[in-house]
Amino acid sequence: MDIHQILRVVNVIVFCVCFVNGYITYIAIRLPLQGEMSAPGSPWPHPKELNSTTQTLSLDMADFEIGSNVIGCDVIEKGIARHKAMLGFGHKDDTLHAVEDLQIHVENTSCQAYPYLGMDESYTLEADQHATLRANSIWGVLRGLETFSQLVYTTATGQARINKTSIVDEPRFAHRGIMLDTARHFIPLPVLLKNLDAMSYNKFNVFHWHIVDDQSFPYQSIRFPGLSHKGAYSPVHVYSQTDIKTVVEYARLRGIRVIVEFDTPGHTQSWGKFDRDLLTPCWHNGHKGEAEYNRHGEYELMNPMLNSTFTFLEELFSEVTSVFPDDYVHLGMDEAYHYCWASNPDVRAFLTNVLGLNASDFSGLEQYYIRRVLDIVSKTHKKTIIWEDPIEKGLKADKDVLVEVWRNEQNWTNNMEEVIQRGYSAILSSCWYLNYISYGQDWRQYYSCDPHHFNGLARPP
């Protein structure tokens, strides 16, 4: 029996044992592996222009230096140190010329405090005996350093090598994000940091932090500490202000933006554990605060009838926008089902007596809520992102609001076209549900989705 046959047997046994125990801790590798292996030292994502030769150089970290024309910039200095540590493997091949140094030249030597939408991440890289990395900004330097580290590979005998290579690169898309939901499943701080490392290896530049939801409220507020005290899974399952600063700083040094999401008016059950008046009382069988479980719970959706709701949101978002430095904050606004509002006679009276709307115009009530919350955040001088749901309903937001398209995974082009034709800029998320685990080469479906493959890129006049 050869090694491939042995591996097949081991894989089947391990898979079956895990299945019998009711959970999977290992996914079987189907051998032989499909596809074609990349050549040693192949960078990813594939650069815009890549010219790799067969001329091979050696790399000896004992004699290799990285220099820069930028002085006193922690992003550059720590980026160099981090990538030199990554290259600390393999040994010199004395039969080859060695790469002696990598010199970094940055056009704009200012050390911007935080990465931002539209930052210049372009760079050129020449891997030779005297390698050079040129970029317009410090963020391009980080991407170029990552690519250089990917060009280095080891032989079967442990010798570090790099092929003479020329690269011209820039990202196709300015927003390349990963969303983590830390409300439904709390993710410890060290794991968040490892995720940021993985993002930097793959040149992602946005950490979309879905930090709270119905299930828990782990954000430890300065102004309202009771939110996490009552809404988190436990006192341990919280992100302190120190934790958040750690994440933001760790991300900054890797050229990654941190966009936090506080989703309202739905997805707010955990908020109500702190203050039940924040949520709308639902009615059933003539009783206030009673659930009709196939339609609504006892309390659901933020309560738009009370000015105290918006006073609270104003104070909370004033804090949040000072804690998270990115220009954008995500306000959610998805899945705001109207059943609870519709069950409440006070809501119907509010619609007619206060808003002057029809007593059943719950979309009008949602529009009223959206408008007030957008105005609250606008006063903090932050820009906003929302999910596509309100726009699909025909509700309106300011045209500078970014709309994130997440629905209709199999036919997302219709959703994108609708959002764009309504005059909004969009972020596409529909194609990439990484939590939908399947077997085999499921990564192919992610690569088959191209955000440019839909009609309607041109906005109407």
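# Close-up views of cavities, cores and buried side chains

**View A. The second largest cavity of the model has a volume of about 60 Å³.** A cavity is a set of points on a 1 Å grid over the protein atoms alone where a 1.4 Å probe fits but cannot get out, and its lining residues have an atom within 4 Å of a point; the volume is the space filled by probe spheres set on the points, which are joined across faces, edges and corners. This is a predicted model, in which local features need pLDDT of at least 70 and side-chain atom pairs count only at pLDDT 80 or more, whereas totals for chains, interfaces and linings use all residues. Residues are numbered from 1 along each chain as its sequence is written, and side-chain values use heavy atoms, with hydrogens and water left out. Arg82, His83, Leu142, Arg143, Glu146, Ser200 and Arg254 form the lining of the second largest cavity. Two or more of the lining residues come from each of helix H2 (74-86) and helix H3 (138-151), and H3 gives the most, with 3 residues; helices are DSSP runs of H or I of at least four residues and strands are runs of E of at least two, numbered from the N terminus. Sorted by class, this lining holds 1 nonpolar, 2 polar and 4 charged residues, where Ala, Val, Leu, Ile, Met, Phe, Trp, Tyr, Cys and Pro count as nonpolar, Asp, Glu, Lys and Arg as charged, and the others, Gly among them, as polar.

**View B. Histidine 83, in helix H2, is shown with its surroundings.** Histidine 83 also belongs to the lining of the second largest cavity. Its relative accessible area is 4%, so histidine 83 is buried; buried means under 20% relative accessible area, exposed over 50%, and partly exposed in between (1.4 Å probe, protein chains only). A polar atom of the histidine 83 side chain lies 2.8 Å from the backbone oxygen of glycine 79. When neighbours within four places in sequence are left aside, histidine 83 is in contact (heavy atoms within 4.5 Å) with Leu142, Leu145, Glu146 and Ser149. Of these partners, Leu142 and Glu146 also line the second largest cavity.

**View C. Threonine 147 lies in helix H3.** With a relative accessibility of 0%, threonine 147 counts as buried. Beyond its neighbours within four places in sequence, threonine 147 is in contact with Pro43, Tyr123, Leu125, Ile167 and Lys203.

**View D. The largest cavity holds about 70 Å³ of space.** It is one of 3 cavities of 30 Å³ or more in the structure. Its lining consists of Tyr114, Pro115, Val248, Ile256, Arg257, Val258, Pro325 and Asp326. By class, the lining of this cavity comprises 6 nonpolar and 2 charged residues, with no polar ones.

**View E. The largest nonpolar core contains 63 residues.** A nonpolar core is a set of buried Ala, Val, Leu, Ile, Met, Phe, Trp, Tyr and Cys residues joined through side-chain atoms within 4.5 Å. The members that touch the most other members are Phe207, Trp209, Tyr219, Phe262, Trp271, Leu313 and Phe324. Helix H8 (residues 307-323) supplies the largest share of this core, 7 residues. Tryptophan 209, with its neighbours within four places in sequence left aside, is in contact with Leu180, Thr182, Leu192, Tyr239, Ile244, Val247, Val258, Ile259, Val260, Glu261 and Phe324. Apart from the largest core lies another, of 33 residues, which includes Leu102, Ala127, Ile138 and Ala160.

**View F. Threonine 321 is placed in helix H8.** Threonine 321 has a relative accessible area of 11% and is therefore buried. A polar atom of its side chain lies 2.6 Å from the backbone oxygen of phenylalanine 317. Leaving aside neighbours within four places in sequence, threonine 321 is in contact with Thr380 and Lys382. The C-alpha atoms of threonine 321 and threonine 380 are separated by 7.0 Å, although these residues are 59 residues apart along the chain.

**View G. The protein chain, the setting of the close-ups, has 14 helices and 18 strands.** Its C-alpha trace spans about 85 × 60 × 50 Å along the principal axes. Of the 461 residues in the chain, 47% are buried. Among contacts with a separation of 6 or more in the chain, 70% are accounted for by residues 24 or more positions apart.

Terms used
On a 1 Å grid over the protein atoms alone, a cavity is a set of points where a 1.4 Å probe fits but cannot get out, and a pocket is an open set with protein on both sides within 12 Å along at least five of seven lines; lining residues have an atom within 4 Å of a point. A polar contact is a pair of N or O atoms within 3.5 Å; within protein, one must be able to donate a hydrogen and the other to accept it, and residues adjacent in sequence count only if both atoms are side-chain atoms.
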